[in-house]
Amino acid sequence: MPILTTTKLGGSASDVVLAKVGHGLMRMTWFPKDGVPTPDQEAFEAIKAGLDQLPPGVKMLLNSGGTSFLSHAAWHRRSLALKGEFYGHTPRTGNVELLSRFFEKYPDYQDKAFLSIKASLSRHAAGSTTDLSKLHLDNSPENARRCVDLVLEKLRGTKKIDHYEFGRILAGDSVEDNMRTLTALKAEGKFDHIGLSDCRAETVRRANAVVRITSNEIQVSPWSYNKEIRDAIETCGELGITVWAWSPIGKIVGDNKNNAITLALEEVAKKKNITLAQTCIAWVSSRGPHVMPLPGSSHKSRTLENLAAGDIVLPAENIAKIDEVVLANSDETARRIDDPHTN
Ligand SMILES: NC(=O)c1ccc[n+]([C@@H]2O[C@H](COP(=O)([O-])OP(=O)(O)OC[C@H]3O[C@@H](n4cnc5c(N)ncnc54)[C@H](OP(=O)(O)O)[C@@H]3O)[C@@H](O)[C@H]2O)c1
C-alpha cells in the first residue's frame, strides 16, 4: 500500500517532500549481522521495496555513510575494528559503492531517493583502516574536499548527492568555519543541501546562523529521550530544521528486552495489533511533524513494516502512557549526543 504520511524537509530543502519514515543503510555494509555484508540482491530488494511505496512527487530519505564517522571513544565503546570506509568492510562492499551498483541497475529510481551522505574520516585513517590509533575525523577544507570527491567518484555519476554532512563537529573546531567549508563545496555543485550529525541545540543554532541547515541526525528512541535530546528536537522545530531520528528501534534488538519502557511499548503494540518496532517508530514520529524516524533494515519485509509505521497514529492516551514511562526511566544526566563542541 502506498505511503500516505509525508513531511517537508527543513532549511534550503523546504520544497522537498519525503515519506515520514526514512531508510538507514548503515548496517547493510557496516557491522552487519554475522559480519557478512548484505548480498546485493537482498539489499537492492530492501531499498527498492521502500521506493516502490512512494506516491508521485514524494521521495524517500536514503541515509548513507560517506566515510566512517565514529569518534575514537565510540569505536572503543563498541569494541569494533575499523575495516574500511563507506560504512563498509572493504571498498567493494562499501555503502556508497552498494548504492552506485543499485542506481546503475535501477536508474529510474534516482529521482525517488533523497540521498544523504555523511563523511570526514581523515586521510590517514582512510589510508590505514585497520589501525584504530590512526582513526580520526578531519573537517578541514582540504579533507572535506577529498572526502566529497571520493564519494562522488564512488557514486560514478549514478546518483547525485542531495544532502551532505560532517560525521561530527569536533572539539576545537569552529562550527562556523565547518559550515563555511560545506557552503563552499555546495557552491561548487558537489551536493544540494547541508545537514548536521549528532549536534546539540546550541551547535545547531550556531550552524544555522551561518547557513540554512536542512536536518540534524540525532538518536531518538523511547530509550534515548533525555533533556539533551528533547532540547535539540525543540530547537530544530523552532529553526525549521528536520530531525532525523536514528536508531529509533535499535534497543529492542539489544539489551532492553525486559525493561519498563519495553514493557509499556509492548502493551500498546498488543492493543493496537502492531509490532513493537512499529510502536517505537510511531512514538518517535509523534514527537513532531519535523521528526522523521530513521530505522535501518537490510530486509524487504522489515523495511515495509517500518515504512508502514509512518502511517500509524497512536491514540493520545497511548502516547501519554509511553511518555510517562519514558520520562520516569530516562537518565537525564547521560550524554546522548556525541557533540563535544558545546561542553
Ligand atoms: N548520525 C549518526 O551518528 C548515526 C548513528 C547511527 C545510525 N545512524 C543512521 O541511522 C540508521 C538506523 O540506525 P540503526 O541501524 O542503529 O537503527 P535501528 O533501525 O534502530 O536498528 C536496526 C536494527 O534493527 C533491526 N530491525 C530493523 N527493522 C526491524 C523490525 N521491524 N523488527 C525487528 N528488527 C528490526 C535491523 O535488522 P535487519 O537489518 O536484519 O532488518 C537492525 O539490526 C542507520 O542506518 C544510519 O543511517 C546515524
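Helix H13 contributes the most to the shell around the ligand, with 3 residues. Helices here are DSSP runs (H or I, at least four residues), strands are runs of E (at least two), and both are numbered from the N terminus. The model is predicted: local features need pLDDT of at least 70, side-chain atom pairs count only at pLDDT 80 or more, and totals for chains, interfaces and linings use all residues. Residue numbers start from 1 along each chain as its sequence is written.

The ligand is surrounded by 25 residues, of which Gly24, Met26, Trp246, Gly250 and Gly296 come nearest. A residue counts as near if its C-beta atom, placed from the backbone, lies within 6 Å of the molecule. Helices H1 (26-29), H10 (250-253) and H13 (300-308) each give two or more residues to this shell. By class, the shell has 9 nonpolar, 10 polar and 6 charged residues. Ala, Val, Leu, Ile, Met, Phe, Trp, Tyr, Cys and Pro count as nonpolar, Asp, Glu, Lys and Arg as charged, and the others, Gly among them, as polar.

Helix H4 (residues 95-105) was examined next. Its buried residues are Asn95, Val96, Leu98, Leu99, Phe102 and Phe103. Buried means that 20 or more other C-beta atoms, placed from the backbone, lie within 10 Å of the residue's own. Down the axis of H4, these residues fall within an arc of 155°, so they line one face of the helix. The arc is that of the directions from the helix axis to the C-beta atoms. The buried residues of H4 pack against H1, helix H2 (40-51), strand S4 (60-65) and helix H6 (141-155). Contact requires C-beta atoms, placed from the backbone, within 7 Å.

Technical notes. Buried ≥ 20, exposed ≤ 12 C-beta atoms within 10 Å, placed from the backbone. Contact = placed C-beta atoms within 7 Å.
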